[in-house]
Amino acid sequence: MALAAAVLTATVAAAQNLDAGKSPQKLFADGCTTCHRSPRGLAKGRFSLTLSWFLKDHYATSSDTAKALAAYLESVDTPPPRAAAKPGAKRSAPRLPKPSQSQ
(Lines give C-alpha, C1' and ligand atoms only; values in the text may rest on other atoms or scores of the structure.)
Protein backbone atom coordinates (compact mmCIF):
# COMPACT_ATOMS: atom_id res chain seq x y z
CA MET A 1 0.00 0.00 0.00
CA ALA A 2 2.73 2.46 0.94
CA LEU A 3 4.52 1.68 -2.31
CA ALA A 4 1.40 2.44 -4.37
CA ALA A 5 0.93 5.75 -2.53
CA ALA A 6 4.58 6.68 -3.16
CA VAL A 7 4.26 5.90 -6.87
CA LEU A 8 1.07 7.96 -7.18
CA THR A 9 2.64 10.88 -5.33
CA ALA A 10 5.70 10.82 -7.56
CA THR A 11 3.50 10.74 -10.67
CA VAL A 12 1.48 13.76 -9.54
CA ALA A 13 4.63 15.65 -8.56
CA ALA A 14 6.07 15.13 -12.03
CA ALA A 15 3.15 16.85 -13.79
CA GLN A 16 3.90 17.91 -17.32
CA ASN A 17 3.45 21.28 -19.00
CA LEU A 18 0.92 20.46 -21.72
CA ASP A 19 1.95 23.54 -23.72
CA ALA A 20 5.64 22.61 -23.87
CA GLY A 21 6.90 22.15 -27.40
CA LYS A 22 3.86 23.72 -29.08
CA SER A 23 4.37 26.45 -31.64
CA PRO A 24 2.99 29.90 -30.79
CA GLN A 25 0.45 29.46 -33.60
CA LYS A 26 -0.77 26.24 -31.97
CA LEU A 27 -0.88 27.90 -28.55
CA PHE A 28 -3.07 30.66 -30.00
CA ALA A 29 -5.31 28.15 -31.78
CA ASP A 30 -5.72 26.01 -28.65
CA GLY A 31 -6.24 28.75 -26.09
CA CYS A 32 -7.26 32.02 -27.68
CA THR A 33 -9.59 31.33 -30.59
CA THR A 34 -12.53 30.84 -28.26
CA CYS A 35 -12.63 34.61 -27.81
CA HIS A 36 -10.39 35.95 -30.59
CA ARG A 37 -10.87 35.16 -34.28
CA SER A 38 -7.44 36.41 -35.24
CA PRO A 39 -4.17 37.24 -33.48
CA ARG A 40 -3.93 40.55 -35.39
CA GLY A 41 -4.31 43.61 -33.22
CA LEU A 42 -3.98 41.86 -29.87
CA ALA A 43 -0.45 43.19 -29.25
CA LYS A 44 -1.15 46.65 -30.62
CA GLY A 45 0.41 49.36 -28.48
CA ARG A 46 1.75 47.00 -25.84
CA PHE A 47 5.34 46.53 -24.78
CA SER A 48 6.71 43.02 -25.22
CA LEU A 49 7.60 42.65 -21.56
CA THR A 50 4.21 43.78 -20.21
CA LEU A 51 2.40 41.64 -22.78
CA SER A 52 4.46 38.64 -21.66
CA TRP A 53 3.68 39.31 -18.01
CA PHE A 54 -0.02 39.69 -18.74
CA LEU A 55 -0.13 36.43 -20.70
CA LYS A 56 1.82 34.62 -17.97
CA ASP A 57 -0.50 35.88 -15.23
CA HIS A 58 -3.73 35.13 -17.07
CA TYR A 59 -3.34 32.63 -19.91
CA ALA A 60 0.04 30.91 -20.29
CA THR A 61 1.30 27.97 -18.27
CA SER A 62 4.90 29.18 -18.09
CA SER A 63 6.98 32.28 -18.71
CA ASP A 64 8.55 30.64 -21.78
CA THR A 65 5.12 29.97 -23.25
CA ALA A 66 4.05 33.54 -22.50
CA LYS A 67 7.16 34.97 -24.17
CA ALA A 68 6.67 32.82 -27.27
CA LEU A 69 3.01 33.79 -27.53
CA ALA A 70 3.82 37.49 -27.03
CA ALA A 71 6.47 37.35 -29.76
CA TYR A 72 3.97 35.67 -32.09
CA LEU A 73 1.29 38.28 -31.40
CA GLU A 74 3.79 41.06 -32.08
CA SER A 75 4.97 39.43 -35.31
CA VAL A 76 1.48 39.24 -36.78
CA ASP A 77 0.65 42.75 -35.61
CA THR A 78 2.89 44.41 -38.18
CA PRO A 79 1.04 45.78 -41.18
CA PRO A 80 1.32 43.71 -44.34
CA PRO A 81 3.81 45.05 -46.89
CA ARG A 82 2.37 47.23 -49.60
CA ALA A 83 1.73 45.46 -52.85
CA ALA A 84 4.10 46.55 -55.55
CA ALA A 85 2.49 48.18 -58.56
CA LYS A 86 2.16 45.79 -61.45
CA PRO A 87 4.10 46.72 -64.56
CA GLY A 88 1.81 48.22 -67.16
CA ALA A 89 -0.93 48.92 -64.67
CA LYS A 90 -2.83 52.09 -65.33
CA ARG A 91 -2.61 54.74 -62.71
CA SER A 92 -5.49 57.08 -62.47
CA ALA A 93 -4.79 60.75 -62.94
CA PRO A 94 -5.31 62.95 -59.90
CA ARG A 95 -8.72 64.54 -59.79
CA LEU A 96 -8.89 68.27 -60.05
CA PRO A 97 -11.32 70.16 -57.86
CA LYS A 98 -14.52 71.26 -59.50
CA PRO A 99 -14.53 74.93 -60.47
CA SER A 100 -16.52 76.98 -58.04
CA GLN A 101 -19.53 78.72 -59.44
CA SER A 102 -19.48 82.21 -57.96
CA GLN A 103 -22.11 84.73 -58.91
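Student: In this predicted model, what makes D19 a lining residue of the second largest pocket?

Tutor: A lining residue needs an atom within 4 Å of a point of the pocket. D19 is listed for the second largest pocket, so D19 has such an atom. The others listed are K22, L27, D30, G31, C32, Y59, A60, T65 and L69.

Student: Which elements give two or more residues to that lining?

Tutor: Those are α2 and α4 (63–75), and α2 gives the most, with 3 residues.

Student: Why does G31 count as polar there?

Tutor: Gly is put among the polar residues, so G31 goes with them. By class, this lining has 5 nonpolar, 2 polar and 3 charged residues.

Student: How much space lies in the second largest pocket, and how much in the largest?

Tutor: About 150 Å³ in the second largest pocket and about 240 Å³ in the largest.

Student: What lines the largest pocket?

Tutor: F28, G31, C32, C35, H36, L42, R46, L51, F54, L55, Y59 and L73. Two or more of the lining residues come from each of α2 (24–31) and α3 (48–58), with α3 giving the most, 3 residues.

Student: What makes R46 the charged one in that lining?

Tutor: Arg counts as charged, and the lining has 1 charged residue, so that residue is R46. The rest of the tally is 9 nonpolar and 2 polar.

Student: And why is H36 polar rather than charged here?

Tutor: Charged means Asp, Glu, Lys and Arg, and His isn't named as nonpolar either, so H36 counts as polar.

Terms used
Residues are numbered from 1 along each chain as its sequence is written. This is a predicted model: local features need pLDDT of at least 70, side-chain atom pairs count only at pLDDT 80 or more; totals for chains, interfaces and linings use all residues. Side-chain values use heavy atoms; hydrogens and water are left out. On a 1 Å grid over the protein atoms alone, a cavity is a set of points where a 1.4 Å probe fits but cannot get out, and a pocket is an open set with protein on both sides within 12 Å along at least five of seven lines; lining residues have an atom within 4 Å of a point. Grid points are joined across faces, edges and corners, and a volume is the space filled by probe spheres set on the points. Helices (H or I, at least four residues) and strands (E, at least two) are DSSP runs, numbered from the N terminus.
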